[in-house]
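Student: I've got this one open and would like to go through it with you. Can we start with how far to trust it?

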Amino acid sequence: MIFSGLDFAVPPGGALILNGPNGSGKSSLLKIIAALLPAHSGLLSVGSEDILGDRDWISRNLCYLAHKNGLKPDMTVAENLTFWASMMYHDSNIGPNINDIAAQVGLAHCRDLAIRFLSSGQARRAALARVLCHPGRIWLLDEPTVGLDANGAALLAGLMNDHLAQGGRILAASHINLGIDPDKSTGLDMADFSPGASRRSVYDRAEDVIC
Amino acid sequence: MLKLALSIIARDLRLSLRQGSSTTMVMGFFVMVVILFPFAIGPEQAILARISVGVIWIAALLSCLLSLDRMFQADHEDGALDQFMIGPMPLELVVMAKCIAHWLTTSLPLISLTPILGIMMNLPPQGFLPLMLTMLLGTPALSFIGGLGASLTVTLRRGGAILSLLILPFYIPVLIFGVLAVRASIDGSPAGGHIMLLGGFSLFAAAMTPWAAAAALRAGLE
């Protein structure tokens with residue numbers, strides 16, 4: 001068991017920052033929400049709907065940025081973004097403008113370069129561009145700043161604040177301050193819910209509430 | 001959904017063209033394995049003609065194995081597999097698209113080489129067309145069954161060896177009916193039954209293995 005007794009709520013336009021020591025389950029919680037890992041027990045609801053493991057709902061509303069960027073090293077930035085945008089906008093004829101998004105993350109000049117020629121920070125920016133190509137309103141970001149320079153981190157903070165201002169939600173795991181407007185974000189220290197620290201719950205039970 | 005499947009196939013074809021090495025390596029391996037037989041057995045034309053069909057089929061099976069282990073591994077390493085899992089397309093369809101892309105980049109080039117190898121192995125002239133036809137019908141089963149094996153071994157670091165052990169037994173029916181169909185048409189006896197069984201086996205593999213492979217991928221990544 002990694003954690004138990006977990007309870008949180010994320011309002012529209014709000015962010016939840018997961019912190020805690022290595023191995024405390026930050027990434028695992030994000031994976032559970034994205035249905036990539038099964039939860040032993042628990043409830044994850046949007047409105048009155050239980051969405052824990054609901055792949056259909058998740059595919060439309062969750063955008064997950066993992067440690068790995070999910071981009072093909074042998075394809076260019078534009079090709080990667082076009083591919084994922086076509087995946088996500090398969091049922092509509094209009095998709096995001098790849099050029100605009102590449103410019104937004106500062107990659108306009110290397111949109112035709114293969115990912116393997118980019119530095120790790122640039123590749124991370126390309127992964128952020130993939131997040132922007134996703135129609136989902138809930139972002140799950142796992143250590144989004146890894147590899148980014150100071151400018152990149154500031155850019156990320158701007159993107160996240162814009163997303164929150166438009167009513168989106170963010171769940172992010174991070175060790176450092178992400179630069180999100182403090183009024184909108186709440187912190188959650190995963191160490192409080194690890195089996196050793198928490199004596200509050202007798203049963204192996206996690207209660208997670210979004211919204 | 002079809003559009004999504006096509007875009008995955010197009011992506012895999014583009015990657016394969018750009019990397020290039022895997023398709024050429026498979027083709028080279030196919031030719032090399034067949035070339036070894038005349039060296040080992042001797043240049044007697046009657047014997048070569050007798051074994052030619054079997055040798056070409058076996059070489060095709062082995063070459064197909066060579067590129068299987070990368071089928072899902074590359075996507076697993078760069079995180080694309082996780083994205084497919086939470087994406088809008090059912091994982092079963094993703095697997096199916098990737099198997100089709102594997103067939104296009106592996107089996108199709110091999111089939112285009114068989115006439116040359118047939119000449120080398122002294123394949124009787126009336127056997128060329130049946131050989132290519134049976135390979136066209138039978139090799140999709142190799143890619144689909146191989147996809148199941150690749151999904152089971154995706155998280156193993158050296159999955160290639162265990163993949164071969166896992167998969168080769170299931171290739172035996174394809175080998176049997178592929179060789180029987182060509183032999184029958186060389187001998188002038190009816191080959192329709194063998195060919196139908198071969199096609200049926202491919203269809204069965206295409207219909208069943210994506211489900212199993214998708215379940216294996218989900219279980220493997222947990």
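Tutor: Sure. One term to begin with: pLDDT is the predictor's confidence in each residue, on a scale from 0 to 100. This is a predicted model, and chain B has an average pLDDT of 92, with 100% of its residues scoring at least 70.

Student: And what does chain A average?

Tutor: Chain A comes out at an average of 83, and 91% of its residues score at least 70.

Student: Where in chain A does pLDDT stay under 50?

Tutor: Over residues 198-206 of chain A. The model still has 22 contacts beyond four places in sequence for that stretch.

Student: What ipTM does the complex get?

Tutor: The predictor gives an ipTM of 0.85, along with a pTM of 0.89.

Student: OK, on to the interface. How many residues are in contact?

Tutor: On chain A it's 24 residues, and they touch 19 residues of chain B. Helix H2 (55-61), strand S4 (62-65) and helix H3 (77-88) of chain A each give two or more residues to that side. The largest share is from H3(A), with four residues.

Student: How do the residues on that side of chain A divide into nonpolar, polar and charged?

Tutor: There are 15 nonpolar, five polar and four charged residues on the chain A side.

Student: Let's do the sheet in chain A. What's the strand order?

Tutor: S4-S5-S6-S1-S7, an open sheet of five strands with parallel pairing. S4 and strand S7 (185-189) of chain A are the edge strands, each pairing on one side only. Ignoring direction, neighbouring strands are turned by 15° against each other on average.

Student: How many bridges hold S7(A) to its partner?

Tutor: Five bridges join S7(A) to strand S1 (residues 15-19) of chain A, in parallel. Within that pair, Ile17(A) stands opposite Gly187(A).

Student: And at the S4(A) edge, how many bridges are there?

Tutor: Four, between S4(A) and S5(A), again in the parallel sense. Cys63(A) has Trp139(A) of S5(A) as its bridge partner.

Student: Which way do the S4(A) residues point?

Tutor: Leu62(A) and Tyr64(A) point one way, Cys63(A) and Leu65(A) the other, and all of them are buried. That's the usual picture, because side chains in a regular strand alternate between the two faces of the sheet.

Student: What lies across the sheet?

Tutor: Helix H1 (residues 26-33) of chain A lies across S1, strand S5 (138-142) and strand S6 (169-173), running at about 145° to S6(A).

Student: Switching topic: how many residues are in the largest nonpolar core?

Tutor: It has 125 residues, and Ala34(A), Ala129(A), Leu140(A) and Ile56(B) have the most contacts inside it. Helix H6 (residues 91-120) of chain B gives the largest share, eleven residues.

Student: What does Ala34(A) touch?

Tutor: Leaving out residues up to four places away in sequence, Ala34(A) touches Ile58(A), Leu62(A), Tyr64(A) and Leu140(A), plus Ile86(B) from the other chain.

Student: I also want to check the backbone. Which phi does Ala35(A) have?

Tutor: A positive one, about 65°, although Ala35(A) isn't a glycine. Most residues other than glycine have a negative phi. Ala35(A) sits in the loop between H1 and strand S2 (43-46) of chain A.

Student: Why does Ala35(A) count as buried?

Tutor: Because Ala35(A) has 22 other C-beta atoms within 10 Å, and the cut-off for buried is 20 or more.

Student: What about Asn122(B), what's its phi?

Tutor: Near 55°, so that one is positive in a residue other than glycine as well. Asn122(B) belongs to the loop between H6 and helix H7 (128-152) of chain B. Asn122(B) counts as partly exposed because it has 17 C-beta neighbours inside 10 Å.

Student: And the hairpin in chain A, which residue takes a positive phi there?

Tutor: Gly47(A), with phi near 65°, in the hairpin of S2(A) and S3(A), which has two residues between the strands. Two bridges join S2(A) to strand S3 (residues 49-50), and these strands run antiparallel. Val46(A) stands opposite Glu49(A) there.

Student: Last one: is Leu17(B) buried or exposed?

Tutor: Exposed, because Leu17(B) has 11 other C-beta atoms within 10 Å, and exposed means 12 or fewer. Leu17(B) is placed in helix H1 (residues 2-19) of chain B.

Key:
Residues numbered from 1 in each chain as written. Chains lettered and ligands numbered in written order. Predicted model: local features only at pLDDT ≥ 70, side-chain atom pairs only at ≥ 80, totals over all residues. Contact = placed C-beta atoms within 7 Å. Nonpolar A, V, L, I, M, F, W, Y, C, P; charged D, E, K, R; others polar. Pairing = 2+ DSSP bridges. Axes fitted to C-alpha atoms, helices over the stretch in contact; angles between N-to-C directions. Core = buried A, V, L, I, M, F, W, Y, C linked by C-beta atoms within 7 Å.
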